[in-house]
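Trainee: Please take me through the cavities in this model. I would like a close look at their linings.

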Amino acid sequence: MRPLDAFDLPPEKERDLKKARRLETWTLIYIASSTTFLGLTMGTSQAMRTSFFEDAFSSVPAIAFLVCTRIARRRANEDFPYGYHGVVSIGYLTASLSLVGLGGFLLVEAVTKLIAVERTTIGGMTLFGHTLWAGWPMLAAIVYTAIPSVFFGRAKLKLAPQIHDKILYADAKMMKADWMAETATAVGVLGVGLGLWWLDPVAAALVSADILKDGVANVYVAVHDLMERRPMKTDRSGPEPLPDELRARIERLDWVAGATVRLREVGHVFFGEVFVTPRGSPEDLPAKIRHAVADAKSINWRLHDVTITVLDRQPE
């Protein structure tokens, strides 16, 4: 079986990918420092514990992106004639399922502690010979965790559509919204300090529910992608316009009477089939098809492979 030709990103997209990989590398360094800070200060607070695990597991999408984008660049071979692009969808599903599991576990734990009336207490700690409320270091850790994640999220949101990477997009959305989870954690810590012990497990439950919601939404998209549904935009705002653009480009050819397009999304790229009804009996049809394929693939860098099939009439 003849494998597909090697896939190379356009130079500007190659730069975007390298920038995204650097962002994810810095993200992992940042997460390592923030989880360490949270772990050292969380004490018995359920909200802080939830924030700690949320922060630790937020490294999963970053790791999945770094690993999957590396594997996806491998050349197609006889065993994988279409290449390794599908690993991106698998990585997206894996990262999403990890969030569902984490969110569900932490939500059950928070609700159980609330029902059991397990009161959280935050005592004092000695620092440089002075005793202070342990909630202040907790709040400092929350601020350190929340603010950088907003900037990382915004940067990734700009890059994700450029390289059509849904792992990066999901990671960006979660990081950009992380400040809301950290705000809930801060409310829980302050609530304990004010004697409102129940605010701590309630805050933990809210953060857990947000993690679970993100995970379920991403699993939904990942599963539908693996089932090869109609391609959608990276930001999920609607159907991908590329199929209509491809059909319009083919139908502009003088020897084509009509065309039907079928595209499937595999990771970063698309594989397309075009069913063409010729106008009359065109001469040198193989050459015309060859040129039409080259023209179609020039529409967008994501069109990795296009097959044109000539029919005597359009399929119903």
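Mentor: Start with the residue classes: Ala, Val, Leu, Ile, Met, Phe, Trp, Tyr, Cys and Pro count as nonpolar, Asp, Glu, Lys and Arg as charged, and the others, Gly among them, as polar. The model is predicted: local features need pLDDT of at least 70, side-chain atom pairs count only at pLDDT 80 or more, and totals for chains, interfaces and linings use all residues. Residues are numbered from 1 along each chain as its sequence is written, and side-chain values use heavy atoms, with hydrogens and water left out.

A cavity is a set of points, on a 1 Å grid over the protein atoms alone, where a 1.4 Å probe fits but cannot get out; lining residues have an atom within 4 Å of a point. Points are joined across faces, edges and corners, and a volume is the space filled by probe spheres set on them.

The structure has four cavities of 30 Å³ or more. The largest has a volume of about 170 Å³. It is lined by 15 residues, and Glu54, Ser58, Met174, Met175 and Asp178 are the closest to its centre. Helices H2 (46-57), H6 (166-176), H7 (178-193) and H8 (199-226) each give two or more residues to this lining; helices are DSSP runs of H or I, at least four residues, numbered from the N terminus. By class, the lining has seven nonpolar, two polar and six charged residues.

The second largest cavity has a volume of about 80 Å³. Phe7, Leu9, Leu17, Ala72, Arg73, His85, Ile163 and His268 line it. Five of these count as nonpolar, two as polar and one as charged.

Conventions. On a 1 Å grid over the protein atoms alone, a cavity is a set of points where a 1.4 Å probe fits but cannot get out, and a pocket is an open set with protein on both sides within 12 Å along at least five of seven lines; lining residues have an atom within 4 Å of a point.
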